[in-house]
Amino acid sequence: MLETEDFVFTVHEQRLAATKIYPPDRSEPTVLHLHGLGNTASRHTIRYLLEPLAMDGHGSMTFEFSGNGDSTGVMEESSLRRRRDETLAAVAQLGTDEPPVIIGTSMGAHLAAWTAPEVRPRALILFCPAAYPEHADDLRFDGSLSRPGNYSHSPAYAGLRNFTGDLLIIAAENDTVAPRQITEGYLEHARHARSTKVLWLDCYDHFVHRRLPDDEELRTTVLAAILHVVNSKPESR
């Protein structure tokens, strides 16, 4: 039985609900998941992947941004910049034995890439990555936020320009929210990455975490790809 810990941490007076999933040796987690935009986005939707990672020795942390799930705040009052601050505060909750692995879903992928220069992760694992333009940083989530797109000056792309870790993207063939061009943009800007790989999910749309837990064959393939990246030894810093 894996040991888990529910806790909260505070960012800008908001209490963010989080869960750590510990490996058998009870070492501090070094994997962090960032969920996407949407009223139903939750720290729990990724547990079907984080628990097998913990069994393989890689503890993780997942949390809810302000305005989502059990966290305080109003989502419509949030912004990309606020979520960036919350991301950096979440990274500070991780163990420091090795550089972290950041798993980001949709908007969470944008945040993972945007914060990469500060976080210096050893790997980025991005599900259906979204990208937003630079002028969207302070737009509220009240209908004002720009739609995801292949914006050449996206902060996500800028964050990847000096990224030297491993980049794994799990993308959906039928994604109309974050279409193929965005994945191509991520790859184009990650020119210094140690490795890049895209795993395309046939017949899947943007909301892969709704179907993947019940798709045993494809879930096994995705988990194997993630483990390959997470188990890769980081380069010397």
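Begin at the second largest pocket of this predicted model, whose lining divides into 5 nonpolar, 3 polar and 2 charged residues. To find this pocket in the viewer, select Ala-116, Pro-117, Arg-120, Asn-162 and Phe-163, which lie nearest its centre among the 10 lining residues. The space enclosed there is about 150 Å³. Next, colour helices α4 (116-119) and α5, as each supplies at least two residues of this lining.

Helix α5 (residues 155-160) leads to the next stop, since together with strands β6 and β7 it makes a right-handed β-α-β unit. Select β6, residues 123-127, and display its side chains: 5 of its 5 residues are buried. On one side of the strand are Ala-123, Ile-125 and Phe-127, and on the other Leu-124 and Leu-126, so that both faces are covered.

Now add the neighbouring strands. Strand β7 (residues 166-172) runs parallel to β6, and 5 bridges join the two; Leu-126 has Ile-169 of β7 as its bridge partner. Strand β5 (residues 101-105) also pairs with β6 in the parallel sense, over 5 bridges. In that pairing, Thr-105 stands opposite Phe-127.

Finally, turn to the largest pocket, with a volume of about 680 Å³. Select Gly-36, Leu-37, Gly-38, His-206 and Phe-207, which are the closest to its centre of the 29 lining residues. Extend the selection to helix α7 (residues 208-211), which gives the most to this lining, with 3 residues. By class, the lining of the largest pocket holds 11 nonpolar, 14 polar and 4 charged residues.

Note on methods: Residues are numbered from 1 along each chain as its sequence is written. This is a predicted model: local features need pLDDT of at least 70, side-chain atom pairs count only at pLDDT 80 or more; totals for chains, interfaces and linings use all residues. Side-chain values use heavy atoms; hydrogens and water are left out. Buried means under 20% relative accessible area, exposed over 50%, partly exposed in between (1.4 Å probe, protein chains only). Helices (H or I, at least four residues) and strands (E, at least two) are DSSP runs, numbered from the N terminus. Two strands pair if DSSP finds at least two bridges between them. A crossover is right-handed if, with the strands pointing away from the viewer, the path from the first strand over the helix to the second runs clockwise. On a 1 Å grid over the protein atoms alone, a cavity is a set of points where a 1.4 Å probe fits but cannot get out, and a pocket is an open set with protein on both sides within 12 Å along at least five of seven lines; lining residues have an atom within 4 Å of a point. Grid points are joined across faces, edges and corners, and a volume is the space filled by probe spheres set on the points. Ala, Val, Leu, Ile, Met, Phe, Trp, Tyr, Cys and Pro count as nonpolar, Asp, Glu, Lys and Arg as charged, and the others, Gly among them, as polar.
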